[in-house]
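User: I'd like a close look at one part of this protein, the charged and aromatic side chains and what sits around them. Here is the model I'm working from.

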Amino acid sequence: MSKARPNPRAWQGVRMRRTEAAADPDATPRLVTLPTMWEPAAAAALAQLAPGDGPVTLAAAAEAWIAPLAERARRAGIETPLAARLHDLLLTRRGAPAAPIWRNATPVVPGFMLNLAAFAEPELGFDAEGFAAAVDTALVALTLACPAAQRLAIGLTDLAGLLAALGLDYDSDAARRMAAAVASAFRRHADAASAAMAERFGPLAGDLRHTATTAILPPDAVDALLGAETCGIAPAFSPLTDSGQLTRAAQSLLAARAIQPETALAMTLSGNSPFPPISATAHARMHDAMAPHIHAMKLRPEIAAPAPEGRIALPPRRAGYTQKAAVGGHKLFLRTGEYEDGRLGEIFIGLHKEGAAFRGLMDNFAIAVSLALQHGVALETLVETFTFTRFGPAGAVEGDPAVERATSMIDYVFRTLAVNYLGKTDLPPAEDEEHDTIGDGARDRAPLLPLDLPREDGPRQRRRSLRLVAKS
């Protein structure tokens, strides 16, 4: 870890706290120091971003990459107070470079993330002037960090947080117009700054041919460090945090609409929630609104290709419910979408603590189930097929009184759907089996982990023989 000392003016008066944090559950925790009000996720992100494995403070970790950039700017005769601006962007959680620059690496395409939610000013709206200055500062910093790079990527994150702070429903024309306006200004400022690069930094980099790319970058640890609750332009899945509290975006939305939390609870209980469920279609519409103004975006999110004959489309605005639960101590959110007659038409499964590969598999599994439902596959058939699916995490279920135990997260999902949409309360209980062991001769009955293969004479054979019995 660098021994660089933080800029005293930038960090003066900032209250700090010390905590142990690790980039993932298997990593050795390190002592990190960061502002008092920053979340545990930010502490884990700092532990991941800062080089080394010893104690680290946010101020010193930032100074380790800011100080060299400020020195290069001084030698090039650049009068911009770059160090102060970069420290301020970090302290206000408006922006910071992607992971490689924190680690003194030289990426082919250096990146810088801007947190849109942090540019929302109470009672003033979007800070357009501050946003423009941040884009310019990001491009200057990336140019100085990697002068040989031909392309520089500036990314946006937590669009949903910005829209909530402005009191806009994510799935609304007003929200899409606002997002398009921000994206347009983003590209305009980046293009203008890019065009001025060669003249501005010629003494530093010679024949400079930087191209500034506005982008929706892949998730990075810096998203969590900046406090982004949603990555890129994705909608917020739930108004609740893992601990069951309102997210900052949910609180901002209520504040923008002058709704007290008690009133919001009453509205939700009466079936008129101020947090309407967001579909994948809304995400796709937001993508369409912003894509013309962004240089590089991920593929358009889709639940499915255009519907073939025989598919029954869901209504644009649909009912459903969100269920928070924990299976074997691992939290998940299950959200459903219904047809007008109350039949189940789609599901979404949100995970927060699992690895990226497992989350991706569950996301695509939910899409496949939704497609099956919309093409007429009976929910009874899906319940029969997927209950007793066995892999970890498994065990006791918390938060959902309809299900006591589950052999996997998928088993839990179809057990609770069977209760809520089929009225089935007589499914065989989820119990450990003698076959569910790890290693030869093991008797601990530990559930299989994802992608571990069960024995051929084990639970797979039992699941094939399972049949639903209608309750008389």
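Which residue lies over the face of Tyr339, and at what distance from the ring centre? Please take that as the starting point and walk me through the surroundings.

Analyst: Happy to, and keep in mind that this is a predicted model. The residue you're after is Arg343, which lies over the face of Tyr339 at 4.5 Å from the ring centre. There's another arrangement of this kind at Phe388: the charged end of Arg415 sits over its ring, 4.9 Å from the centre.

Now for another arginine, Arg318. You'll find Arg318 in the loop between α13 (280-290) and β10 (322-327). Arg318 counts as buried because its relative accessibility is 17%, and the cut-off for buried is under 20%. What does its side chain hold on to? One partner is the side chain of Glu346, joined to that of Arg318 by a polar contact of 2.7 Å. A polar atom of the Arg318 side chain also lies 2.8 Å from the backbone oxygen of Pro315. Leaving aside residues up to four places away in sequence, Arg318 touches Pro277, Ser279, Gly337, Glu338 and, once again, Glu346.

Follow the chain on from that loop and you get to β10, which pairs with strand β13 (residues 395-398) in the antiparallel sense, over two bridges. If you want a spot to click on, Val327 has Val397 in β13 as its bridge partner. β13 also pairs with strand β14 (residues 405-406), again antiparallel and over two bridges; here Ala396 is matched with Arg405 in β14. β13 and β14 make a hairpin with six residues between them, and Gly399 in the turn has a positive phi of about 95 degrees.

Back to the rings, then. The structure holds ten aromatic pairs. One of them is Phe131 with Phe186, a tilted pair with 5.8 Å from centre to centre and 55 degrees between the planes. This pair ties together distant parts of the chain, since Phe131 belongs to helix α6 (residues 128-145) and Phe186 to helix α8 (residues 173-195), 55 residues apart. Phe131 counts as buried because its relative accessibility is 0%, and Phe186 is buried too, with a relative accessible area of 0%. Phe131 and Phe186 also belong to a cluster, where ring pairs link them with Phe119 and Phe126.

Technical notes
Residues are numbered from 1 along each chain as its sequence is written. This is a predicted model: local features need pLDDT of at least 70, side-chain atom pairs count only at pLDDT 80 or more; totals for chains, interfaces and linings use all residues. Side-chain values use heavy atoms; hydrogens and water are left out. Helices (H or I, at least four residues) and strands (E, at least two) are DSSP runs, numbered from the N terminus. Buried means under 20% relative accessible area, exposed over 50%, partly exposed in between (1.4 Å probe, protein chains only). A polar contact is a pair of N or O atoms within 3.5 Å; within protein, one must be able to donate a hydrogen and the other to accept it, and residues adjacent in sequence count only if both atoms are side-chain atoms. Contact means heavy atoms within 4.5 Å. Rings of Phe, Tyr and Trp (its six-membered ring) pair if their centres lie within 6.5 Å; planes under 30 degrees apart count as stacked, over 60 as edge-to-face and the rest as tilted. A charge sits over a ring if NZ of Lys or CZ of Arg is within 6 Å of the ring centre and within 35 degrees of the ring normal. Two strands pair if DSSP finds at least two bridges between them.
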